[in-house]
Amino acid sequence: MVVAAAAAFPSDPNDVEPKALPGYKDTPIPYNYAYGVKDDYAGTDFGHNENSDGSAVKGSYNVVLPDGRIQTVSYVADHYNGYQAQVSYKGEAQYPHEYGPPVTFKPQYQPSYQPSYQPQPSYNPQPSYQ
């Protein structure tokens with residue numbers, strides 16, 4: 001009984017190498033991607049880029065915060081050291097003394113389909129009193 005319990009635990013608990021499924025060879029595939037969004041009308045400005053050599057991932061993302069600063073997060077991640085990030089800020093926080101009206105956006109289009117009838121339930125239960 002003790003032998004079966006000892007055999008169920010891994011020999012090295014610090015072994016963090018991911019295990020592939022039986023019959024499935026998992027080969028790391030290098031990749032990279034990037035995107036950026038800047039919409040002056042809506043006040044949106046953010047982006048992200050990431051590169052991987054198949055074993056480690058490096059990247060960064062940035063966003064303009066509501067106080068006007070730009071927050072950038074640069075990171076490295078792998079199976080041995082985990083996710084390690086460094087956060088930096090550019091600019092100085094700005095807080096207006098007066099606030100304007102909230103920003104609202106009107107829909108670009110109105111749906112043209114309007115049903116000509118209202119569906120009715122096919123069964124109307126009658127209340128029963130005892």
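The following legends describe close-up views of a predicted model.

**View 1. Strand β4 and its two antiparallel partners.**
Strand β4 spans residues 70-78. On one side of the chain order, β3 (residues 56-64) pairs with β4 in the antiparallel sense over 9 bridges. These two strands form a hairpin with 5 residues between them, and G68 in the turn has a positive phi of about 100 degrees. Within the pairing of β3 with β4, K58 stands opposite V76. Strand β5 (residues 82-90) is likewise antiparallel to β4, to which 9 bridges join it. The hairpin from β4 to β5 passes through 3 residues.

**View 2. Alternation of side chains along β4.**
In a regular strand, side chains alternate between the two faces of the sheet. Strand β4 shows such an alternation: Q71, V73, Y75 and A77 point to one face and are buried. The side chains of I70, T72, S74, V76 and D78 point to the other face and are not buried. Two members of the strand illustrate the contrast in numbers. Y75 has a relative accessibility of 8% and therefore counts as buried, whereas D78 reaches 23% and is therefore partly exposed, the limit for burial being under 20%.

**View 3. D78 at the end of β4.**
D78 lies in strand β4, whose residue range is 70-78. The bridge partner of D78 in β5 is G82. The side chain of D78 also reaches the backbone nitrogen of N81, at a distance of 2.6 Å. When neighbours within four places in sequence are left aside, the contacts of D78 are S55 and A56. The C-alpha atoms of D78 and K58 are separated by 9.0 Å, the two residues being 20 apart along the chain.

**View 4. Surroundings of Q71.**
Q71 is a residue of strand β4, and its side chain belongs to the buried face of that strand. A polar contact of 3.2 Å connects the side chain of Q71 with that of Y89. Beyond its neighbours within four places in sequence, Q71 is in contact with Y61, N62, V63, L65, V87, S88 and Y89. The ring of Y89 also has the charged end of R69 over it, 4.7 Å from the ring centre.

**View 5. The aromatic cluster and H48.**
The structure holds 3 aromatic pairs. In one of them, the ring centres of Y61 and Y75 are 6.2 Å apart and the planes stand at 50 degrees, so this pair is tilted. The pair links distant parts of the chain, with Y61 in strand β3 and Y75 in strand β4, 14 residues apart. Y61, Y75 and Y83 form one aromatic cluster. The two rings of the tilted pair differ in exposure: Y61, at 35% relative accessibility, counts as partly exposed, while Y75, at 8%, counts as buried.
H48, in strand β2 (residues 44-52), is joined to Y75 by a polar contact of 2.8 Å between their side chains. H48 has a relative accessible area of 15% and is therefore buried. Leaving aside neighbours within four places in sequence, the contacts of H48 are Y33, A34, Y35, S60, Y61 and Y75.

**View 6. Salt bridges.**
The count of salt bridges comes to 3. D67 and R69 form one of them, with the closest N and O atoms 2.9 Å apart. D67 is buried at 10% relative accessibility, whereas R69 is partly exposed at 23%. Elsewhere, K38, D40 and D45 are joined into one network by salt bridges that share partners. K38 meets D40 at 3.3 Å, taken from N to O, and K38 also forms a salt bridge with D45, the closest N and O atoms being 3.7 Å apart. K38 counts as exposed at 60% relative accessibility, as does D40 at 64%. D45 has a relative accessible area of 26% and is partly exposed.

Definitions and conventions
Residues numbered from 1 in each chain as written. Predicted model: local features only at pLDDT ≥ 70, side-chain atom pairs only at ≥ 80, totals over all residues. Heavy atoms only, no water. Helix = DSSP H or I, 4+ residues; strand = E, 2+ residues; numbered from the N terminus. Buried < 20%, exposed > 50% of the residue type's maximum accessible area, 1.4 Å probe, protein only. Contact = heavy atoms within 4.5 Å. Polar contact = N/O pair within 3.5 Å; in protein donor to acceptor, adjacent residues only side chain to side chain. Phe/Tyr/Trp six-rings, centres within 6.5 Å; stacked < 30°, edge-to-face > 60°. Lys NZ or Arg CZ within 6 Å of the ring centre and 35° of its normal. Pairing = 2+ DSSP bridges. Salt bridge = Lys/Arg side-chain N within 4 Å of Asp/Glu carboxyl O.
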